[in-house]
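Hello,

I am passing a structure on to you today. Have a look at it first, and then read on for what turned up.

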Protein chains: 2
Amino acid sequence: MVGAAGAVGREMIRTLEERRFPVDELGLFATERSAGKRVRFEGEDHTVQACAEDSLRGFDLALFSAGSAAARAIAPGAAAGGTVCVDNSSAFRMDPGVPLVIPEINAEALRDHRGIVANPNCTTITALMAAGPLHRAAGLRQLVVSSYQSVSGSGMKGIRELAEQNEKLAGMEEQLVAPDHDALPVGDVYGKTIAFNVLAFQFRPDELDWSDEERKVLNESRKILSAPELEIAATVVRVPVVAGHAVSLFATFSRPIGPDEARGVLSAFPGVQVVYDPANAEYPTPLDAAGIDDVLVGRIRAVDGREDALLLFAAGDNLRKGAALNAVQIAESLFA
Amino acid sequence: MVGAAGAVGREMIRTLEERRFPVDELGLFATERSAGKRVRFEGEDHTVQACAEDSLRGFDLALFSAGSAAARAIAPGAAAGGTVCVDNSSAFRMDPGVPLVIPEINAEALRDHRGIVANPNCTTITALMAAGPLHRAAGLRQLVVSSYQSVSGSGMKGIRELAEQNEKLAGMEEQLVAPDHDALPVGDVYGKTIAFNVLAFQFRPDELDWSDEERKVLNESRKILSAPELEIAATVVRVPVVAGHAVSLFATFSRPIGPDEARGVLSAFPGVQVVYDPANAEYPTPLDAAGIDDVLVGRIRAVDGREDALLLFAAGDNLRKGAALNAVQIAESLFA
């Protein structure tokens, strides 16, 4: 494991234990800064080691959650040396020679791997666990995605920044109806106040002013669904939630499909829990999804005047299915 | 003023002062429970009185922010007696004999009033301040709305419920990545945990499982834009924000329209501030919109492969333009 000390790395270790992934020898690697940390795995303490160029020699599998730079520096050499690398960064996702896989949706893409497999973006995974099964059933024509993304998507530092700002503003909530804008806390991670706010961030906008995160949702969805022309309109928004990403989806299809059929398709799909309980007006929330493996899908509705369109609201654990769990599932498929 | 003690009522009083609305005599009315409260207006203390059937006799104008039941009980009689009633509740909004007005967008509808004018829903106003000017310019064909609504939309009790839950969870943020779901705080206003969560609530769902709030966005938008067939897909979501409603919009039009033209149209529109600063990657947030009159519109983007579609992200103060300010603007138009 490369990047064993981060939020996703910790979740990967927990996931390997929980799923009893067959491990003969475990190597935990990270940057120099994290070297020496102790991590418990199946009752034994392991020491995190600084990752060197030949650290992965002899390992069958490497799970990367160390960012794009580390993946680019280490994975190609490791893959050439026979170690299959499953990478959680965006480094290789759009590489035509690298499969980008959500196992429930496109496991068949793994057949053509050349030593590196990419794990998709957490928002892409949440959206496609809801839209992917419906694409298979009725052919997606258009997908409009608005996200509600938690701060753990930025790692531990995102959680800390939200907690610090909440603490500073505690007891002042009623004043926020007309805040002193210059006095609001601002942190390094988000550049704006994330507490009591939502951020439709646009860091690194492209020529259409799409953020890189929005572009990932577009490009990765097209690749995973093998639908290179699929129309996708994405707006990604960070919300003051610790864990669990949610997406509001509007989808149109090549043939009529109603909520009942959609619920049937999704109920039968592995990794999805349909939340539908009209009597109690139940619906998925990110906090309900936090700490569980399944992606929750609900609020499945028709749109007046259309038989080929659906609204859906989905919530998934961004550290589990959105990252660690999906990566381990890829590894399970590879070594089945 | 009827409902002078609530969150919107207080904001209305502040708005009347700020805009130097010509007031000869001010009567402040509310339920029995709030009677006796003192409210300051233009340097003088006024006492809130319990509202009786004939309380409004002799007043030229009544501003209602007292809920649907009170509006239904009092407004028709007051209107018959010559008091023009501007009502912030949903009681009369869809009544064909009652104008539903955002003054910048459809002030002409005021001409036909019969004593009652309805103030639209706060999310409808925020969405239409962005989409309405573009409808006039290029003819809306389809509108997909996902909202990010603040808790002050539920009044002071919404703010208090969020503050209490934040306090209970303070210091436990890191544990929320795998929360003990049964131990999370739940309150009366939202029925689920609103702190560190987002709620795509569906109280009182209709036959299509749309919530009443979603149905309001649909019906009210069609009425305000005089577009009874307009296709609208709405998903309303409560977020842990004190003030400021945001909306993510996907809109298609009858003719090609690009982001530059849209920014031009919106920049020239009263009550809208376009936020566009690519060098600094600026975008509207609810916290930036809280406490100001203008609705902020940004993230105006094209969608790959379409010339007739735009994405927008807008944020407005739900207590000001979304409620009190819009009601006072209606009154200003009526008594201009």
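To compare copies, the C-alpha atoms of residues with pLDDT of at least 70 in both are superposed by least squares. Done this way, chain B falls on chain A after a rotation of 180 degrees with 0.0 Å of shift along the axis, at an RMSD of 0.0 Å. The two copies are therefore related as by a two-fold rotation axis. Both copies use the same surface: 100% of the contact residues of chain B recur in chain A, where contact means heavy atoms within 4.5 Å.

Some background: this is a predicted model, in which local features need pLDDT of at least 70 and side-chain atom pairs count only at pLDDT 80 or more, while totals for chains, interfaces and linings use all residues. Residues are numbered from 1 along each chain as its sequence is written, chains are lettered from A and ligands numbered from 1 in the order written, and side-chain values use heavy atoms, with hydrogens and water left out.

Now to chain A itself. There are nine helices and 13 strands in chain A, taken as DSSP runs (H or I, at least four residues, for helices; E, at least two, for strands) and numbered from the N terminus. Along its principal axes, the C-alpha trace of chain A spans about 60 × 50 × 45 Å. Of its 336 residues, 62% are buried, meaning under 20% relative accessible area with a 1.4 Å probe, protein chains only. Among contacts in chain A with a separation of 6 or more, 67% come from residues 24 or more positions apart.

Best wishes

Terms used: Buried < 20%, exposed > 50% of the residue type's maximum accessible area, 1.4 Å probe, protein only.
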